[in-house]
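Here is a short set of questions and answers for a reader who is meeting this protein for the first time. Please look over the sequence and the model before reading on.

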Amino acid sequence: MFTLIGIILSFIGLAAVIFSAYFIKKEGGDERGDKILGMAGIVVYFSFLLGYLVIFMINTIVPLNGEQYTFAFTCLFAFVVVSYAMTIISLKRRY
């Protein structure tokens, strides 16, 4: 079960990375793109910290095994890159 969800989350994360790279290449060089990327970077930083804190707290309460850690970090990766892409999309519409 974890493997299938992990694969799906990995593909979603890959799509978000490809979108982000496309935005950086296409619009990242101008002032508007720099502002969007800066704000998205702040959101990603806090998303990572929040996700890592959740994983740490879960591991403190219920110790995780290797497969569960792998799944948790796959979810964290997907959460971080999707939040980055979603922030870019929302800020792109705003600015």
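## Contacts, helices and surface

Q: What percentage of the contacts in the protein with a separation of 6 or more is accounted for by residues 24 or more positions apart?
A: The model is a predicted one, and the count takes in contacts in the protein with a separation of 6 or more. Of these contacts, the share that joins residues 24 or more positions apart is 80%.

Q: How many helices does the protein have?
A: Read from the N terminus on, the elements of the protein run α-α-α, and the C-alpha atoms fill a box of roughly 45 × 25 × 15 Å along the principal axes. There are zero strands in the protein, and the number of helices is three.

Q: How far apart are the end C-alpha atoms of helix α3, and what span should its 29 residues have?
A: Helix α3 covers residues 66-94, and at its N-terminal end Asn65 acts as a cap, with a side-chain oxygen 3.2 Å from the backbone nitrogen of Glu67. At 1.5 Å a residue, the 29 residues of helix α3 should span 42 Å, which agrees with the distance between its end C-alpha atoms, 42 Å.

Q: Is Ser47 buried or exposed?
A: Ser47 has its place in helix α2, and, leaving aside neighbours within four places in sequence, Ser47 is in contact with Leu76, Phe79, Val80 and Ser83. Buried means under 20% relative accessible area. Because its relative accessibility is 8%, Ser47 counts as buried.

Q: Which helix supplies the largest share of the nonpolar patch?
A: The nonpolar surface patch, of about 1100 Å², is made by residues including Met39, Ile42, Phe46, Leu49 and Phe73. One of them, Ile42, lies in helix α2 and counts as partly exposed because its relative accessibility is 45%. The largest share of the patch, ten residues, comes from residues 31-61, that is, from helix α2.

Q: How far apart in space are Ser90 and Ile36, C-alpha to C-alpha?
A: Ser90 lies in helix α3 and is partly exposed, with a relative accessible area of 37%. In sequence, Ser90 and Ile36 are 54 residues apart, whereas in space the C-alpha to C-alpha distance is 9.3 Å.

Q: What percentage of the area that the protein exposes do carbon and sulfur atoms supply?
A: Buried residues make up 31% of the 95 residues in the protein. The protein exposes about 6400 Å², and the part of this area supplied by carbon and sulfur atoms is 74%.

Notes. Residues numbered from 1 in each chain as written. Predicted model: local features only at pLDDT ≥ 70, side-chain atom pairs only at ≥ 80, totals over all residues. Heavy atoms only, no water. Helix = DSSP H or I, 4+ residues; strand = E, 2+ residues; numbered from the N terminus. Expected span 1.5 Å × (residues − 1). Polar contact = N/O pair within 3.5 Å; in protein donor to acceptor, adjacent residues only side chain to side chain. Patch = residues over 30% accessible without salt bridge, like charges linked within 9 Å, V, L, I, M, F, W, Y side chains within 5 Å. Areas by Shrake-Rupley, 256 points an atom, 1.4 Å probe, with all protein chains shown as cover. Salt bridge = Lys/Arg side-chain N within 4 Å of Asp/Glu carboxyl O. Buried < 20%, exposed > 50% of the residue type's maximum accessible area, 1.4 Å probe, protein only. Contact = heavy atoms within 4.5 Å.
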